[in-house]
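Work through the exercises below with the sequence and the 3D structure at hand. Each task is followed by a solution in steps.

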Amino acid sequence: MRPGIHIVDDDPDIRDGLAWLFDSRGYEPTTWDGGQVFLDAVRQRPLPWGQAVVLLDVRMAPISGLVTFEQLKALACPWPVLFLTGNGDVSMAVAAVKSGAWDFLEKPFHDNELVDRVAQALAAASAQTSDDTEAQRLRQALASLSPREREVLDELIRGHYNKNIADHLGITPRTVEFHRAHIFEKMGVNSAIELAHKLGRLQPLG
């Protein structure tokens, strides 16, 4: 499935030119003549979101690109937003990047540069999605641990050896080994160090 490009600009020449560019580079462009119609379509869109990038003109009427962006964020839309700006709009675009937009480009821009930025945005969004999926899997695995397995896990990530864990918990080293194997299997890891690294990304460990 080709990655989607949502082109939101009230200038039909720019919309058509960008649609042609991205179609020729293997993307699936969709054009919108304003922020409101784009937002209405996003609100009605079924999940999952899928892969896409939004190219958003800063100056549009009746609602600006910045307002469109803020409303898109309020919908928890994960698509990276790349602003297209004219002269005098750079300060607004910088403010948008600080509030979560992916990037901005000043018009006129080079086609290759724009396509490269979009590819980078898609790659970053894909990596974030993978991270989110892995974090969800780890949380579900944590929740599946028995109370005793959770106690053993807490000892393992502190770097304690089986014998020390057995002494602390009042169980045999063989029982610790049994729980340890179950924990590694459920969490999808091969070592206590790997386990600690993965759990370190899930702070706080509720």
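A residue counts as buried when its relative accessible area is under 20%, as exposed when that area is over 50%, and as partly exposed in between. The model used here is predicted.

**Exercise 1.** Decide whether histidine 179 is buried or exposed, and list its contacts outside its own stretch of sequence.

Solution. Step 1: locate the residue. Histidine 179 sits in helix 8, which covers residues 173-187. Step 2: apply the cut-off. The relative accessibility of histidine 179 is 12%, so this residue counts as buried. Step 3: look for contacts, setting aside neighbours within four places in sequence. Histidine 179 then touches Arg148, Glu149, Val152 and Ile171.

**Exercise 2.** Describe the sheet: what is the strand order, and which strands lie at the edges?

Solution. Step 1: read the order. The sheet is open, has 5 strands in the order 2-1-3-4-5, and its pairing is parallel. Step 2: find the edges. Strand 2 (28-32) and strand 5 (103-106) each pair on one side only, which makes them the edge strands. Step 3: give the turn between neighbours. On average, neighbouring strands of this sheet are turned by 20° against each other, direction ignored. Step 4: examine one pair. Strand 1 (residues 4-8) and strand 2 run parallel and are joined by 5 bridges. In this pair, glycine 4 is opposite glutamate 28 of strand 2. Step 5: add a helix. Helix 4 (residues 90-98) lies across strand 4 (81-85) and strand 5, and runs at about 165° to strand 5.

**Exercise 3.** Explain why the partners in these salt bridges are about one helical turn apart: arginine 117 with glutamate 113, and lysine 163 with aspartate 167.

Solution. Step 1: take the pair in helix 5 (residues 111-143). Arginine 117 and glutamate 113 are separated by about one helical turn because they are 4 residues apart in this helix. Their closest N and O atoms are 2.9 Å apart. Glutamate 113 is partly exposed, at 31% relative accessible area. Step 2: take the pair in helix 7 (residues 162-169). Lysine 163 and aspartate 167 are also 4 residues apart, so about one helical turn separates them. Here the closest N and O atoms are 3.4 Å apart. Lysine 163 is exposed at 56%, and aspartate 167 is exposed at 52%.

**Exercise 4.** State how many salt bridges there are, and name the residues of a network.

Solution. Step 1: the count is 12 salt bridges. Step 2: Arg2, Asp23 and Glu28 are linked in a network of salt bridges.

Conventions. Residues are numbered from 1 along each chain as its sequence is written. This is a predicted model: local features need pLDDT of at least 70, side-chain atom pairs count only at pLDDT 80 or more; totals for chains, interfaces and linings use all residues. Side-chain values use heavy atoms; hydrogens and water are left out. Two strands pair if DSSP finds at least two bridges between them. Helices (H or I, at least four residues) and strands (E, at least two) are DSSP runs, numbered from the N terminus. Axes are lines fitted to C-alpha atoms, for helices over the stretch in contact, and angles run from 0 to 180 degrees between N-to-C directions. Contact means heavy atoms within 4.5 Å. Buried means under 20% relative accessible area, exposed over 50%, partly exposed in between (1.4 Å probe, protein chains only). A salt bridge is a side-chain nitrogen of Lys or Arg within 4 Å of a carboxyl oxygen of Asp or Glu.
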